[in-house]
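Biologist: I have a structure open and would like to learn how to read it. Could we go through it together, one feature at a time?

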Amino acid sequence: MRKRSEPHTFEQRLVAQKLRLEHELSRLPAGHQRDSVAARIDQLHTAAEMYDFLMPRQEAPASR
């Protein structure tokens, strides 16, 4: 039987995609394609901020 990979969180997928795009961006010359990849990186950054804002926070237990 085929072994299933461990599921990745949304945050982990965002980070992995951002790293992949940053690597791609470093190899592209100035131009439309580079601008497009940079815009996608900005979108991922915005998605990460929105996710962080929308997810409920774990509150620390009250100390007595």
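Modeller: Happily! Let us begin with a charged pair: the side chains of Arg20 and Glu24 meet in a salt bridge, with 3.4 Å from N to O. Please keep in mind that this is a predicted model.

Biologist: What is the general idea behind such a pair?

Modeller: Side chains of opposite charge can pair when their charged atoms come close.

Biologist: And why are Arg20 and Glu24 about one helical turn apart?

Modeller: Arg20 and Glu24 are four residues apart in helix H1, so about one helical turn separates them.

Biologist: Are these two side chains buried or exposed?

Modeller: Neither extreme applies here. Arg20 has 42% relative accessibility and counts as partly exposed. Glu24, at 23%, is also partly exposed, because the buried class is kept for values under 20%.

Biologist: How many salt bridges are there by this rule?

Modeller: The count comes to two. Besides the Arg20 pair, Lys18 forms a salt bridge with Glu22, and their closest N and O atoms are 4.0 Å apart. Lys18 and Glu22 are four residues apart in helix H1, which covers residues 10-27, so they too are separated by about one helical turn.

Biologist: How accessible are Lys18 and Glu22?

Modeller: Lys18 is partly exposed at 29% relative accessibility, and Glu22 is partly exposed at 34%.

Biologist: Stepping back from the pairs, how many positive and negative side chains does the chain have?

Modeller: There are 11 positive and 9 negative side chains in the protein chain. The centres of the two sets lie 9 Å apart.

Biologist: Now the fold. How many helices and strands make up the secondary structure?

Modeller: The protein chain has two helices and zero strands. To judge the overall form, compare the radius of gyration with the globule rule: the chain has 17 Å, well over the 11 Å that the rule gives for 64 residues, so it is more spread out than a compact globule. The C-alpha trace spans about 60 × 40 × 15 Å along its principal axes.

Biologist: What share of the residues counts as buried?

Modeller: Of the 64 residues, 11% count as buried. The chain exposes about 6,300 Å², and carbon and sulfur atoms supply 55% of that area.

Biologist: Where on the surface should I look for a nonpolar patch?

Modeller: Look at Met50, Phe53 and Leu54, which form a nonpolar patch with about 400 Å² of accessible area together. Met50 lies in helix H2, residues 32-54.

Biologist: How do I read distance along the chain against distance in space?

Modeller: Pick two residues and compare their separation in sequence with the gap between their C-alpha atoms. Take Glu11 and Ala48: they are 37 residues apart along the chain, and their C-alpha atoms are separated by 7.0 Å. Glu11 lies in helix H1 and is partly exposed, with a relative accessible area of 43%.

Biologist: What is the C-alpha separation of Ser5 and Gln43?

Modeller: Their C-alpha atoms are 27 Å apart, with the two positions 38 residues apart along the chain. Ser5 sits in the segment before H1 and counts as exposed at 64% relative accessibility.

Biologist: And how far apart in space are Ala38 and Lys3?

Modeller: That pair is 35 Å apart, C-alpha to C-alpha, and 35 residues apart in sequence. Ala38 is found in helix H2 and is partly exposed, with a relative accessible area of 27%.

Biologist: Could we finish with a residue that follows the second helix?

Modeller: Try Arg57, found in the segment after H2. Arg57 is exposed, with a relative accessible area of 56%. Arg57 and Leu19 are 38 residues apart along the chain, and 26 Å separates their C-alpha atoms.

Technical notes
Residues are numbered from 1 along each chain as its sequence is written. This is a predicted model: local features need pLDDT of at least 70, side-chain atom pairs count only at pLDDT 80 or more; totals for chains, interfaces and linings use all residues. Side-chain values use heavy atoms; hydrogens and water are left out. Patches are made of residues with over 30% relative accessible area and no salt bridge: like charges are joined within 9 Å, nonpolar side chains (Val, Leu, Ile, Met, Phe, Trp, Tyr) within 5 Å. Accessible areas come from the Shrake-Rupley method with a 1.4 Å probe; for residues, only the protein chains shown count as cover. The radius of gyration is taken over C-alpha atoms; the globule rule is 2.2 Å times the number of residues to the power 0.38. Buried means under 20% relative accessible area, exposed over 50%, partly exposed in between (1.4 Å probe, protein chains only). Lys and Arg count as positive and Asp and Glu as negative; His and the chain ends are not counted. The place of a charge is taken as NZ of Lys, CZ of Arg, CG of Asp or CD of Glu.
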